[in-house]
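Biologist: I would like to take a close look at a single part of this model, and I would be glad of one connected answer that a first-year student can follow.

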Amino acid sequence: MSALPGTVVAITGASSGIGAATARLLAERGAAVVLGARRTDRLDELAEQIRAAGGRAVTCTVDVTEPASLEQLVTLAVTEFGRLDVLVGNAGIGRTGPMAELGTENWSAMIDVNLRGVLNGIAAALPVFRRQGRGHLVTTLSTAGLRIVPTQGVYAGTKNAVRTLLEGLRQESTDGVLRTTSISPGYVRTEFADHVEDPETRAHIAETMREFGLDPEAVARTIAFAIEQPHEVEIGEITLRPTRQG
């Protein structure tokens with residue numbers, strides 16, 4: 001039996017990939033999902049699919065770099081469903097390249113989305129969790145932060161910064177109210193490669209994803225596993241990768 005019926009989950013980066021797969025799976029298991037992303041046409045289509053299958057879903061235009069945008073997402077959850085139990089911070093971007101190229105605009109973009117975006121989500125959700133007496137932050141990181149490779153130093157740095165702040169928050173939150181979970185996937189078949197500027201690197205990542213990348217639903221099942229645990233059980237970190245990934 002799933003522990004999700006009645007659970008209210010907000011998801012950033014929900015318009016594709018891991019976010020969309022997570023929304024579908026959690027809704028199938030009985031959760032009400034609040035979908036946030038910038039591509040509202042995709043969000044609306046996904047929400048319609050979920051509702052047609054008997055699930056509950058609402059959408060909100062979300063730019064995680066804007067604090068007010070995350071506040072709107074959280075407010076929508078509380079207004080529509082009476083509470084917010086889980087915030088899945090899944091929005092993220094990767095801009096790879098040698099640091100010697102000094103791609104400072106890309107560095108700033110990754111810091112804004114991958115790090116500040118998570119902080120903005122925490123700032124929006126934490127007061128609601130405290131009022132309710134419980135809540136759960138689930139954040140998508142990456143194995144790039146565990147095995148540092150050339151061209152991904154800044155991207156890995158943003159992911160490891162989030163890993164650090166979540167551990168700090170966990171240690172500040174041992175009163176039983178808050179759970180934190182970080183999910184670090186390896187290669188997953190998503191749109192990640194589409195945004196890599198270097199053609200050679202983009203082609204390599206795309207080919208690797210096609211060859212042995214995980215289906216996004218594998219990550220969705222992992223997120224569901226963490227959420228479905230009893231509230232007194234905190235799954236702090238989960239790493240999952242294709243068995244063929246080095």
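Biologist: How many salt bridges does the structure hold, and what can be said about where some of them lie?

Modeller: Please keep in mind that this is a predicted model, and that the structure holds nine salt bridges. As general background, side chains of opposite charge can pair when their charged atoms come close.

Let me begin with Arg-29, which forms a salt bridge with Glu-228, where the closest N and O atoms are 3.2 Å apart. Arg-29 sits in the loop between α1 (17-28) and β2 (32-37), while Glu-228 belongs to helix α7 (residues 216-228), so this pair ties together parts that are 199 residues apart in sequence. With a relative accessibility of 27%, Arg-29 counts as partly exposed, because that category covers values between the limit for buried, under 20%, and the limit for exposed, over 50%.

Another salt bridge joins the side chains of Glu-211 and Arg-244, at 2.9 Å from N to O. Here Glu-211 lies in helix α6 (residues 199-212) and Arg-244 in the segment after β7 (237-240), so the pair ties together parts that are 33 residues apart in sequence. Glu-211 has a relative accessible area of 45% and is therefore partly exposed, whereas Arg-244, with 53%, is exposed.

A further salt bridge brings us back to helix α7, since both of its partners, Arg-221 and Glu-217, lie in that helix, four residues apart, which is about one turn of the helix. The closest N and O atoms of Arg-221 and Glu-217 are 3.6 Å apart. Arg-221 is partly exposed at 42% relative accessibility, and Glu-217 is likewise partly exposed, with a relative accessible area of 39%.

Charged residues also appear in another setting, for Asp-41, Asp-44, Glu-45 and Glu-48 gather in a patch of negative charge on the surface. Asp-41 has its place in helix α2 (residues 40-52), and its relative accessibility of 55% makes Asp-41 count as exposed.

For a contrast with that surface patch, consider strand β6 (residues 178-185), where eight of the eight residues are buried, so the strand is largely enclosed by the rest of the structure. Both faces of β6 are covered, with Leu-178, Thr-180, Ser-182 and Ser-184 buried on one side and Arg-179, Thr-181, Ile-183 and Pro-185 buried on the other. Strand β5 (residues 135-140) runs parallel to β6 and is joined to it by six bridges, and Thr-140 stands opposite Ile-183 in β6.

How values were computed. Residues are numbered from 1 along each chain as its sequence is written. This is a predicted model: local features need pLDDT of at least 70, side-chain atom pairs count only at pLDDT 80 or more; totals for chains, interfaces and linings use all residues. Side-chain values use heavy atoms; hydrogens and water are left out. Patches are made of residues with over 30% relative accessible area and no salt bridge: like charges are joined within 9 Å, nonpolar side chains (Val, Leu, Ile, Met, Phe, Trp, Tyr) within 5 Å. Accessible areas come from the Shrake-Rupley method with a 1.4 Å probe; for residues, only the protein chains shown count as cover. A salt bridge is a side-chain nitrogen of Lys or Arg within 4 Å of a carboxyl oxygen of Asp or Glu. Lys and Arg count as positive and Asp and Glu as negative; His and the chain ends are not counted. The place of a charge is taken as NZ of Lys, CZ of Arg, CG of Asp or CD of Glu. Helices (H or I, at least four residues) and strands (E, at least two) are DSSP runs, numbered from the N terminus. Buried means under 20% relative accessible area, exposed over 50%, partly exposed in between (1.4 Å probe, protein chains only). Two strands pair if DSSP finds at least two bridges between them.
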